[in-house]
Amino acid sequence: QVQLVESGGGLVQPGGSLRLSCAASGSISAIYAMGWYRQAPGKQRELVAEITSGRNTNYADSVKGRFTISRDNVKTTVYLQMNTLKPEDTAVYYCNARKLTATISNYWGQGTQVTVSS
């Protein structure tokens with residue numbers, strides 16, 4: 001099992017910045033990718049950014065150039081640096097981890113609220 005705990009959300013003004021973190025624990029050795037998703041009320045959950053064990057990254061078009069995903073040296077914590085925040089970035093942000101054992105498994109954190117408002 002993998003446990004994911006997000007932190008760093010909050011209220012920020014448009015144009016401001018936040019840094020989200022996701023700490024992974026448990027059976028983490030088979031994790032090959034981690035990422036951030038977000039879901040606004042009444043909308044579908046969407047991929048924001050992901051990073052693989054090979055340090056490949058993918059970003060949603062809406063956040064390219066503004067958000068950066070990274071990880072620490074021991075691969076137990078993943079970060080999302082969010083700059084130039086817009087009101088449309090308001091959502092609950094969820095950490096995701098993909099793990100390959102006999103099958104591919106997905107794990108989710110509890111989510112952290114990001115609100116961008118003046």
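This report covers a few residues of a predicted model and the contacts they make.

**Arg38**

Arg38 sits in strand S4, which spans residues 31-39. Its relative accessibility is 6%, so Arg38 counts as buried, the cut-off being under 20%. The side chain of Arg38 has polar partners. One is the side chain of Glu46, at 2.8 Å. Another is the side chain of Tyr93, at 2.9 Å.

The contact list of Arg38 leaves aside neighbours within four places in sequence. Both polar partners, Glu46 and Tyr93, appear on that list. Gln44, Arg45 and Val48 are also among the contacts of Arg38. So are Ser62, Val63 and Phe67. Glu88, Asp89, Ala91 and Val92 are on the list too.

**Ile31**

Strand S4 also holds Ile31. Is Ile31 buried or exposed? Ile31 is buried, with a relative accessible area of 17%. Leaving aside neighbours within four places in sequence, Ile31 is in contact with Val2, Ala97, Arg98 and Lys99. The C-alpha atoms of Ile31 and Cys95 are 13 Å apart, with the two positions 64 residues apart along the chain.

**The aromatic pair**

How many aromatic pairs does the structure hold? The structure holds 1. Tyr37 and Trp108 form this pair, and the geometry is edge-to-face. The ring centres are 5.0 Å apart, and the planes meet at 70°. Tyr37 belongs to strand S4 and Trp108 to strand S10 (residues 104-108), so the pair ties together parts that are 71 residues apart in sequence.

Trp108 has a relative accessibility of 33% and therefore counts as partly exposed. Trp108 also has a charged partner: Arg45 lies over the face of the ring, at 3.8 Å from the ring centre. Arg45 is in contact with Arg38 as well.

**Asn58**

Asn58 lies in strand S6, residues 57-59. At 40% relative accessibility, Asn58 counts as partly exposed, because the value falls between the cut-offs of 20% and 50%. Not counting residues up to four places away in sequence, Asn58 touches Val48, Ala49 and Glu50. With Glu50 there is a polar contact between side chains, at 2.8 Å. The C-alpha atoms of Asn58 and Val48 are separated by 8.2 Å, and these residues are 10 apart along the chain. Val48 is also in contact with Arg38.

**Side-chain polar contacts**

| Residue | Partner | Distance |
|---|---|---|
| Arg38 | Glu46 | 2.8 Å |
| Arg38 | Tyr93 | 2.9 Å |
| Asn58 | Glu50 | 2.8 Å |

Methods: Residues are numbered from 1 along each chain as its sequence is written. This is a predicted model: local features need pLDDT of at least 70, side-chain atom pairs count only at pLDDT 80 or more; totals for chains, interfaces and linings use all residues. Side-chain values use heavy atoms; hydrogens and water are left out. Helices (H or I, at least four residues) and strands (E, at least two) are DSSP runs, numbered from the N terminus. Buried means under 20% relative accessible area, exposed over 50%, partly exposed in between (1.4 Å probe, protein chains only). A polar contact is a pair of N or O atoms within 3.5 Å; within protein, one must be able to donate a hydrogen and the other to accept it, and residues adjacent in sequence count only if both atoms are side-chain atoms. Contact means heavy atoms within 4.5 Å. Rings of Phe, Tyr and Trp (its six-membered ring) pair if their centres lie within 6.5 Å; planes under 30 degrees apart count as stacked, over 60 as edge-to-face and the rest as tilted. A charge sits over a ring if NZ of Lys or CZ of Arg is within 6 Å of the ring centre and within 35 degrees of the ring normal.
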